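Okay, thanks for squeezing me in. Let me get the picture up on the screen and then I'll talk you through it.

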Number of protein chains: 4
Amino acid sequence: MSSVHPDPGPTNAGRVPASPSISRVRVRYSETDQMGVVYHANYFVWFEVGRTDLLRRTGSSYRDLEAEGVSLPVIQAQCEYRLPARYDDELEVRTSGTVLTHVRVEFTYEIVRVADGALLVTGRTMHAALDRDGRPCRMPARVRALLDDTSA
Amino acid sequence: MSSVHPDPGPTNAGRVPASPSISRVRVRYSETDQMGVVYHANYFVWFEVGRTDLLRRTGSSYRDLEAEGVSLPVIQAQCEYRLPARYDDELEVRTSGTVLTHVRVEFTYEIVRVADGALLVTGRTMHAALDRDGRPCRMPARVRALLDDTSA
Amino acid sequence: MSSVHPDPGPTNAGRVPASPSISRVRVRYSETDQMGVVYHANYFVWFEVGRTDLLRRTGSSYRDLEAEGVSLPVIQAQCEYRLPARYDDELEVRTSGTVLTHVRVEFTYEIVRVADGALLVTGRTMHAALDRDGRPCRMPARVRALLDDTSA
Amino acid sequence: MSSVHPDPGPTNAGRVPASPSISRVRVRYSETDQMGVVYHANYFVWFEVGRTDLLRRTGSSYRDLEAEGVSLPVIQAQCEYRLPARYDDELEVRTSGTVLTHVRVEFTYEIVRVADGALLVTGRTMHAALDRDGRPCRMPARVRALLDDTSA
């Protein structure tokens with residue numbers, strides 16, 4: 001977003017990727033399982049927290065987006081688990097986003113344990129922009145402006 | 001339930017309470033927590049499974065009810081925990097319902113471990129009938145007919 | 001419990017109830033249901049967040065308590081729903097606790113919508129103190145010292 | 001993969017892949033979100049139901065496996081969403097498994113709507129076999145015998 005450099009020059013359209021959005025979550029007891037660690041599906045919920053915070057940077061929220069008639073349902077999701085999060089751990093969710101096409105956006109995530117900076121999981125979700133009738137629609141301009149746009 | 005007797009007689013209008021609806025669930029790993037037992041909030045989800053199955057006895061489902069514009073949000077919920085359910089346990093949810101007033105209904109629940117018949121929890125939820133605009137509305141006739149009706 | 005009177009006197013040590021612990025949560029998309037509001041069982045998860053934060057006031061955490069061999073499983077839970085929480089709402093969980101007996105403690109909760117101060121739900125959970133073998137045990141001194149103690 | 005031919009011959013040891021394990025789930029209200037469909041993370045829970053049922057074919061359960069000291073934590077998970085599941089839908093989870101190496105196994109999933117046979121999602125999870133100390137260990141023989149074994 002910043003892109004503060006002396007002379008981009010005409011051939012260097014040079015969009016500098018925004019820094020990732022940072023969210024904090026603390027692991028709830030309900031999120032653990034009998035292995036004594038976080039149940040794997042819950043990381044996808046934290047990814048949701050992460051992209052909600054990222055989208056808030058547009059100046060309005062995902063809630064507003066839905067109110068305007070645009071939703072971003074998940075069409076693909078994936079996660080790699082390196083180290084387990086545990087009850088009461090403080091975690092940092094680092095989220096970045098990229099506009100893939102006029103109607104698709106991808107978010108990538110890293111979840112880090114605050115205590116020691118260890119990277120616990122990485123993940124990715126792909127989303128379609130849908131209008132009220134469930135048909136693909138263009139990503140709103142403020143979302144495109146916020147995210148790295150590879151669809152241009 | 002029982003009420004097997006030769007002649008109830010005219011003074012015994014005697015609405016016989018329906019037998020409870022029986023649902024089966026098997027405990028999922030996701031439903032456990034690091035204590036090695038089911039996380040307490042999940043019993044309320046199984047109560048929901050129980051009353052959904054009970055309402056299906058009306059010949060249509062709670063899904064149909066909502067499609068017709070009547071919802072039954074929970075306005076009070078309570079649970080007593082006697083013995084913990086564990087991963088992979090098969091459980092029986094026994095659900096009964098009572099119409100309290102024209103606009104309120106109560107369900108009661110027992111959850112029993114199938115392996116040995118042990119009673120694990122008992123609970124109760126109270127619900128309001130609301131129309132599409134969120135205003136209290138009369139419980140549909142087929143729901144009143146199904147459940148013990150104390151509102152008459 | 002309150003002890004506002006002119007002269008407590010030497011025999012009335014006059015325990016002043018601690019102010020409730022305040023926790024903040026923001027409603028996640030995963031916590032909503034198709035009624036467009038928060039699914040009722042999720043409030044019990046926020047109650048857990050509230051009592052975890054309250055117990056942290058003892059100077060150590062519930063995680064530490066479990067590490068020392070004492071757990072506080074829920075033996076009764078209840079919630080009254082007044083107004084629904086919605087996606088992305090900021091909520092305040094206000095938690096108080098009382099030691100009921102040497103082996104039982106109760107927490108009470110109020111969940112308030114930050115935007116307008118509306119009281120959404122109230123609730124209560126009762127817990128038993130159990131040792132590693134699952135037998136009732138005395139509540140640790142620091143927990144008794146923190147909470148209103150009616151067991152003396 | 002299919003191996004229906006007259007004479008496999010001595011050089012074609014021809015392991016016939018087992019048919020997928022079939023599990024049935026019905027969508028719970030708690031599993032929906034305010035988009036009116038199932039929240040995307042919940043499909044991973046149904047995948048868990050699927051592989052639990054598949055492993056039960058070994059003659060013992062995943063619960064037994066953990067009791068013997070072997071756990072199979074998820075190290076990678078992924079899902080593609082084609083069509084949304086909705087409240088009260090009956091779904092069929094079709095699960096297959098493959099032993100990848102001595103210490104890794106992969107499960108693949110299809111979730112189909114029973115009413116019309118529509119394929120809603122496909123997914124995949126990879127798991128490591130760990131012993132009680134959290135160290136990689138050999139997959140038990142009965143699991144290897146059950147699943148397609150590509151590690152030989």
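I'll go through the contacts between chains, and after that the strand pairing inside one of them. Just so everyone has it in mind, this is a predicted model.

Let's start with chains A and D. Their contact takes 15 residues from chain A and 15 residues from chain D. On the chain A side, two elements each supply at least two of those residues: helix α1, 42-56, and strand β2, 74-81. The largest share of that side comes from β2(A), with 8 residues. What about the chemistry? The side of chain A that touches chain D divides into 10 nonpolar residues, 4 polar ones and 1 charged one.

Now stay with β2(A) for a second. How does β2(A) run relative to strand β2 of chain D, parallel or antiparallel? They run antiparallel, and 5 bridges join β2(A) to that strand, residues 74-81 of chain D. If you want a pair to click on, try A:Gln76, which stands opposite D:Glu80 in β2(D).

Next, chains D and B. Here 10 residues of chain D are in contact with 10 residues of chain B. Which element gives the largest share of chain D's side? That's helix α1 of chain D, residues 42-56, and the share is 3 residues. By class, the chain D side has 4 nonpolar, 2 polar and 4 charged residues.

Okay, over to chain C, where I want to follow β3, residues 90-101. I'll take its partners one at a time.

Partner one is β1(C), residues 21-26: 6 bridges join β1(C) to β3(C), and the two run antiparallel. In that pairing C:Arg26 sits opposite C:Glu90 of β3(C).

Then there's β4(C), residues 104-113, which pairs with β3(C) in the antiparallel sense over 10 bridges. Which residue stands opposite C:Thr95? It's C:Tyr109, in β4(C). A hairpin takes you from β3(C) to β4(C), through 2 residues.

And then β6(C), residues 148-149. This strand pairs with β3(C) over 2 bridges, in the parallel sense. The residue to look at on β3(C)'s side is C:Thr98, whose bridge partner in β6(C) is C:Asp148.

So, to recap: β2(A) and β2(D) are joined by 5 bridges across the A and D chains, and within chain C, β3 pairs antiparallel with β4 and parallel with β6. That's what I've got, happy to scroll back to any of it.

Notes
Residues are numbered from 1 along each chain as its sequence is written. Chains are lettered from A and ligands numbered from 1 in the order in which they are written. This is a predicted model: local features need pLDDT of at least 70, side-chain atom pairs count only at pLDDT 80 or more; totals for chains, interfaces and linings use all residues. Two residues are in contact if their C-beta atoms, placed from the backbone, lie within 7 Å. Helices (H or I, at least four residues) and strands (E, at least two) are DSSP runs, numbered from the N terminus. Ala, Val, Leu, Ile, Met, Phe, Trp, Tyr, Cys and Pro count as nonpolar, Asp, Glu, Lys and Arg as charged, and the others, Gly among them, as polar. Two strands pair if DSSP finds at least two bridges between them.
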